[in-house]
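Work through the exercises below with the structure open beside you. Try each task before reading its solution.

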Amino acid sequence: MTEDFEGVVKDALFSVAPDLEGEKIDPDKTFRDQFEIDSIDFLNFVIRLSKASGIDIPEEDYPELESLQDAVAYLCRRKGSK
Amino acid sequence: MVETQKGAIEIEAFQDGILEEVLVKPGEEAPVGCPLAYIRAPGEAAREEPTTEKTKTEGEIHSPQTAATPKLAPSAAAPPSSQRGVRMTPAARRFAAEHQLDPRALKTGTDGVIGLREVEAAIEAGPKSAGLELNKRAAGIDPGQMRRAIAAAVTRANREIPHYYVTLTIDMTPMMHWLALRNAERAVEHRLLYAAPLLRAVALSFAKFPDLNGTFENGAFVPADRINIGMAIAVRRCGLITPAILDTDQQDIDTLMTKLNDLVDRTRTGRLRSSELSMGTATLTNLGDRTADSLLPIIFPPQVAIVACGQIRARPWVVQGEVVARQLMDVTFAGDHRASDGRRGAQFLGHLASLLHTPEDIG
């Protein structure tokens with residue numbers, strides 16, 4: 001089973017920052033550096049990511065969610081280890 | 001909701017009553033000072049001659065003795081109603097009907113409600129893509145106008161206000177530790193950002209220093225009778241706005257977090273209320289994570305004080321004679337020297353630091 005984690009991450013990002021919808025995302029760069037995502041945006045992004053994936057995301061894991069590539073890897077790992 | 005040159009803002013009605021007559025219809029333009037609607041106060045006699053369409057000409061100023069208050073947002077009198085599962089404002093419903101749009105084909109705004117702007121965007125997008133790209137539009141925000149509004153405010157501030165600055169480095173380690181423990185036992189949607197307790201601590205400090213909370217008008221300081229802290233909120237690639245949270249000192253941290261989230265969302269989608277833009281009594285600007293260590297802020301006139309926080313970053317700090325790594329935040333207070341002196345600003349920062357050092361007391 002391969003889930004579309006990239007789609008999940010993008011949906012979460014675009015729902016907190018709808019003005020970014022359609023923007024190209026550099027997978028290695030942090031959302032913060034690319035799109036001026038601030039703390040409130042980021043918290044709302046994590047909330048949506050958690051809801052969409054069904055994973056409880058503790059606060060200490062936040063640094064692993066800062067870029068598209070890292071967030072996808074995180075979801076893969078957490079889903080895989082369930 | 002009224003679209004102004006400073007963006008779309010909701011005009012609130014501050015008086016109870018019955019919406020007797022709407023003078024300016026949705027989509028129409030009105031000059032400044034023009035009554036938008038009549039509200040009949042409880043017990044007040046009905047107007048003898050309702051204003052007809054003919055008398056409502058552009059530029060004409062009505063000054064009716066019987067009008068309780070001239071301004072009213074249509075949504076204030078007729079809240080969004082639910083019909084066939086679609087939450088839509090009455091004005092938007094009418095507007096959509098006029099253009100033969102099916103409400104069910106429209107996307108809601110970020111607040112889950114379809115308003116005029118959602119309908120407008122659907123009409124602009126054309127029949128093919130109606131409702132498809134609505135979320136992208138930050139309605140009511142014009143980058144050029146926002147830049148000009150910022151330019152006007154800061155130019156006035158630097159021309160009229162003799163600023164002084166005092167800075168204090170505050171050890172935020174206890175606060176961050178307290179927050180981490182608190183957040184660990186909470187679901188992600190109920191977690192707090194440090195901005196919420198910071199905002200509360202700043203509001204409580206202004207409560208303690210009423211001589212710094214207010215405005216400078218006609219050559220004298222006028223203390224405010226409530227504490228409405230304006231928050232500098234950035235709008236991506238556009239600028240920033242400083243809407244206020246009314247009675248900030250009266251709210252607990254969870255309420256402030258909710259209000260902050262709501263305020264940020266409405267700032268970025270152009271849905272601020274007039275009171276939020278006009279009733280601030282002091283301002284907080286918080287640079288936030290991974291930005292810079294400190295900033296020297298510009299007072300938002302006619303206020304007399306602004307508090308600016310740099311990022312929180314682990315740096316060396318001396319605790320009981322030992323150099324240790326602590327989470328430090330540089331806080332700069334800018335005051336209007338006509339209203340107060342640097343010593344007062346330093347006392348303010350000292351009080352703010354003591355509050356932030358004992359988070360359990362303000363939580």
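The exercises go from whole chains to single residues, and then to the contact between the chains; the model is predicted.

**Exercise 1. Compare the make-up of the two chains: how many helices and strands does each have?**

Solution.
- Step 1. Count in chain B: 10 helices and 17 strands.
- Step 2. Count in chain A: 4 helices and 0 strands. Along the sequence, chain A reads α-α-α-α.
- Step 3. Add burial. Of the 363 residues in chain B, 44% are buried. Of the 82 residues in chain A, 50% are buried.
- Step 4. Add surface. Chain B has an accessible surface of about 18200 Å², with 53% from carbon and sulfur atoms. For chain A the accessible surface is about 4200 Å², with 47% from carbon and sulfur atoms.
- Step 5. Look at contacts with a sequence separation of 6 or more. In chain B, 63% of them link residues 24 or more positions apart. In chain A, 47% join residues at least 24 apart.

**Exercise 2. Trace the open sheet of 6 strands in chain B: what is the strand order?**

Solution.
- Step 1. Read the order across the sheet: 7-17-16-15-10-13, with mixed pairing.
- Step 2. Find the edges. They are strand 7 (163-171) and strand 13 (244-245), and each pairs on one side only.
- Step 3. Take the edge at strand 7. Its neighbour is strand 17 (residues 322-336); the two run antiparallel and are joined by 9 bridges.
- Step 4. Check one bridge: B:Val166 is partnered by B:Phe333 in strand 17.
- Step 5. Add the helix. Helix 9 (residues 342-357) of chain B lies across strand 7, strand 16 (305-319) and strand 17. The helix runs at about 25° to strand 7.

**Exercise 3. Examine the hairpin of strand 8 and strand 9 in chain B: which residue takes a positive phi?**

Solution.
- Step 1. Place the strands. Strand 8 spans residues 214-217 and strand 9 spans residues 220-223.
- Step 2. Read the pairing: antiparallel, over 4 bridges. One bridge sets B:Gly214 against B:Pro223.
- Step 3. Go to the turn. There are 2 residues between the strands, and B:Asn218 has a positive phi near 50°.

**Exercise 4. Inspect the backbone of B:Arg290, B:Gln320 and B:Pro302: what stands out in each?**

Solution.
- Step 1. Recall the usual case: most residues other than glycine have a negative phi, and most peptide bonds are trans.
- Step 2. B:Arg290 is not a glycine, yet its phi is positive, about 50°. B:Arg290 sits in the loop between strand 15 and strand 16 of chain B. B:Arg290 counts as exposed because its relative accessibility is 52%, and the cut-off is over 50%.
- Step 3. B:Gln320 also has a positive phi, near 50°. B:Gln320 is in the loop between strand 16 and strand 17 of chain B. At 79% relative accessible area, B:Gln320 is exposed.
- Step 4. The peptide bond from B:Pro301 to B:Pro302 is cis, with omega near 5°. B:Pro302 lies in the loop between strand 15 (282-286) and strand 16 of chain B.

**Exercise 5. Describe the surroundings of B:Gln311: buried or exposed?**

Solution.
- Step 1. Locate B:Gln311 in strand 16 of chain B.
- Step 2. Apply the cut-off. Buried means under 20%, so B:Gln311, at 9% relative accessibility, is buried.
- Step 3. Find the polar partners. The B:Gln311 side chain reaches the backbone nitrogen of B:Thr291 at 2.9 Å. A polar contact also links the side chains of B:Gln311 and B:Asp293, at 2.9 Å.
- Step 4. List residues that B:Gln311 touches beyond four places in sequence. Among them are B:Arg290, B:Ala292, B:Leu328 and B:Met329.

**Exercise 6. Size up the contact between chain B and chain A: what area is buried?**

Solution.
- Step 1. Choose the yardstick: the size of an interface is often given as the accessible area lost when the parts come together.
- Step 2. Read the area: about 1900 Å², of which carbon and sulfur atoms give 48%.
- Step 3. Find the residues of chain B that lose the most area to chain A. They are B:Val188, B:Arg191 and B:Arg236, together 33% of what that side buries.
- Step 4. Count the participants: 19 residues from chain B and 24 residues from chain A.

Key: Residues are numbered from 1 along each chain as its sequence is written. Chains are lettered from A and ligands numbered from 1 in the order in which they are written. This is a predicted model: local features need pLDDT of at least 70, side-chain atom pairs count only at pLDDT 80 or more; totals for chains, interfaces and linings use all residues. Side-chain values use heavy atoms; hydrogens and water are left out. Two strands pair if DSSP finds at least two bridges between them. Contact means heavy atoms within 4.5 Å. Axes are lines fitted to C-alpha atoms, for helices over the stretch in contact, and angles run from 0 to 180 degrees between N-to-C directions. Buried means under 20% relative accessible area, exposed over 50%, partly exposed in between (1.4 Å probe, protein chains only). Accessible areas come from the Shrake-Rupley method with a 1.4 Å probe; for residues, only the protein chains shown count as cover. A polar contact is a pair of N or O atoms within 3.5 Å; within protein, one must be able to donate a hydrogen and the other to accept it, and residues adjacent in sequence count only if both atoms are side-chain atoms. Buried area is the accessible area (1.4 Å probe) that two parts lose on being put together, summed over both.
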